[in-house]
Amino acid sequence: MDREVECICCHEVNKILQKNQFVSKEENLMINCIIDNPGFKSVCLDRWVLEAAWYQYRQQYGNDNNIPEHKRNRHIAYRQLVRWCWGVLGKDKRVVLPSCAVMCIRAHFPPPGLEEDFQFVGFHYADD
């Protein structure tokens with residue numbers, strides 16, 4: 001991650017720990033990282049789920065449909081993770097997502113071109 005504030009482990013985030021503990025208990029699985037949680041894969045990485053979430057986002061915010069698919073999928077995947085773990089936050093209340101989840105989402109929906117040329121925006125507080 002580019003900035004220190006973004007270097008956070010999923011083990012440091014109570015809402016994510018709760019998701020992992022729930023699955024561990026209910027499914028009798030040992031979940032060590034949020035990216036190993038089957039819910040993460042379904043909610044944040046499934047392109048059909050992200051497509052449906054994009055339509056909801058577009059309807060609510062009237063966003064442009066000309067955003068490249070890889071960028072749109074990353075944006076919606078981050079929002080899906082927040083919705084799944086925190087419910088609703090809002091534009092003035094934000095959380096830093098664990099770097100493991102961010103890196104996994106970036107790996108699933110990379111921009112075109114060479115990896116060394118990739119540039120991502122990263123986390124911003126509401127007043128940035």
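A residue is called buried when its relative accessible area is under 20%, exposed when over 50%, and partly exposed in between (1.4 Å probe, protein chains only). The model discussed here is predicted, so local features need pLDDT of at least 70 and side-chain atom pairs count only at pLDDT 80 or more, while totals for chains, interfaces and linings use all residues. Residues are numbered from 1 along each chain as its sequence is written, and side-chain values use heavy atoms, with hydrogens and water left out.

A good place to start is helix α4, residues 69–86; helices here are DSSP runs (H or I, at least four residues), numbered from the N terminus. Buried residues in α4 include Arg72, Ile76, Leu81 and Trp84. Among the elements covering the buried residues of α4 are α1, α2 (38–45), α3 (47–61) and α5 (99–108), with contact meaning heavy atoms within 4.5 Å. Just after α4 comes Gly87, which has a positive phi near 85 degrees.

How do α1 and α4 meet? The axes (lines fitted to C-alpha atoms over the stretch in contact, with angles from 0 to 180 degrees between N-to-C directions) of α1 (residues 14–27) and α4 come within 9 Å and cross at roughly 75 degrees. This makes α1 roughly perpendicular to α4, a label for angles of 65 to 115 degrees. Lys15, Ile16 and Lys19 of α1 meet Trp84, Cys85 and Trp86 of α4.

His70 also lies in α4 and, at 22% relative accessibility, counts as partly exposed. Beyond its neighbours within four places in sequence, His70 contacts Phe109, Pro110, Pro111 and Pro112. The C-alpha atoms of His70 and Pro111 are 5.9 Å apart, although 41 residues separate them along the chain.

Definitions and conventions. Helix = DSSP H or I, 4+ residues; strand = E, 2+ residues; numbered from the N terminus. Parallel < 35°, antiparallel > 145°, perpendicular 65-115°, else oblique.
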